[in-house]
Amino acid sequence: MTDTGDGTVAPAANGRRLHVPIHLRWGDLDALGHVNNTSMLKLLEEARLRAFWRPEDGTDAAATAVFDMSVLEGGGSRATLVARQEIEYLRPVPYGQRPLDVQLWVGRIGGSSVEVCYEVFSPAGEQAQVMYARASAVVVLVDTASGRPTRWGAAERDAWAPFVGEPIVYAKRR
């Protein structure tokens, strides 16, 4: 989806997206009554975990869920590390009881890294969703024994291929 400038969004022309509903907590707010910038990182992290990790309880997983809990909790042969994150805040996120619609896709798959792209919207089902922020995170796969980057396998690449789209284009900096 793209911002039309008036607070509404238009459909994107690139690859498929995951829609991850993320509930706000009262503690995510700051003194001004909107989501604190540090809480946004936690919301994005929660969406990323739901998108890429298979649940242990047998519930349905996202099509992009390729990691088991050993990658998340440690003790396995591989781990993921966030190498870079960037957020562009477009509007303050107000508190609400309905979950935000966090949309994810893959902007780029490298040898051992992947760029996860996000757009954070008002709850799904609203006539004109509002985009609050866009963000990206570069996640690197590492070998836990050596601490060195290791290459993505065919399983990860195949699962993510339908969700590859254009990476986030941020506003120009001076």
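## Helix α1 and its surroundings

In this predicted model, helix α1 buries the residues S39, M40, L43, L44, A47, R48, A51 and F52. An α-helix has 3.6 residues a turn, so residues three or four places apart point the same way. The elements that cover the buried residues of α1 include the strands β3, β4 (78-89), β5, β6 and β7, together with helix α3 (154-160).

Helix α1 itself spans residues 37-52, which gives it 16 residues. From its first C-alpha to its last it reaches 23 Å, close to the 22 Å expected at 1.5 Å a residue.

## The sheet

Five strands form an open sheet in the order β3-β5-β6-β7-β4, and their pairing is antiparallel. Because β3 and β4 stand at the edges and each has a single partner strand, one side of each is left without a neighbour in the sheet. From one strand to the next, the twist averages 25°.

Two of the pairings may be described further. Strands β6 and β7 run antiparallel and are joined by nine bridges; E119 has R134 in β7 as its bridge partner. Strand β3 pairs with β5 (residues 100-109) in the antiparallel sense over five bridges, and L18 stands opposite L104 in β5.

## The two faces of strand β3

Which side chains of β3 (residues 18-22) are buried, and which are not? The side chains alternate along the strand. L18, V20 and I22 point to one face and are buried, whereas H19 and P21 point to the other face and are not buried.

## A buried loop residue

Between β6 (113-121) and β7 (131-143) there is a loop, and S122 is found in this loop. Is S122 buried or exposed? Its relative accessibility is 2%, and residues under 20% are classed as buried, so S122 counts as buried.

Apart from its neighbours within four places in sequence, S122 is in contact with L100, D101, A128, Q129, V130 and Y132.

## The internal cavity

How many cavities of 30 Å³ or more does a search of the whole structure find? The search finds one. The largest cavity holds about 40 Å³ of space.

The residues that line the largest cavity are L18, F52, T64, L104, W105, V106, V116 and F163. Strand β5 supplies the largest share of this lining, with three residues. Two of the lining residues have appeared above: L18 is one of the buried residues of β3, and F52 is one of the buried residues of α1.

Conventions. Residues numbered from 1 in each chain as written. Predicted model: local features only at pLDDT ≥ 70, side-chain atom pairs only at ≥ 80, totals over all residues. Heavy atoms only, no water. Helix = DSSP H or I, 4+ residues; strand = E, 2+ residues; numbered from the N terminus. Buried < 20%, exposed > 50% of the residue type's maximum accessible area, 1.4 Å probe, protein only. Contact = heavy atoms within 4.5 Å. Pairing = 2+ DSSP bridges. Expected span 1.5 Å × (residues − 1). Axes fitted to C-alpha atoms, helices over the stretch in contact; angles between N-to-C directions. 1 Å grid on protein atoms, 1.4 Å probe; cavity = no way out; pocket = protein on both sides within 12 Å on 5 of 7 lines; lining within 4 Å. Points joined across faces, edges and corners; volume = space filled by probe spheres on them.
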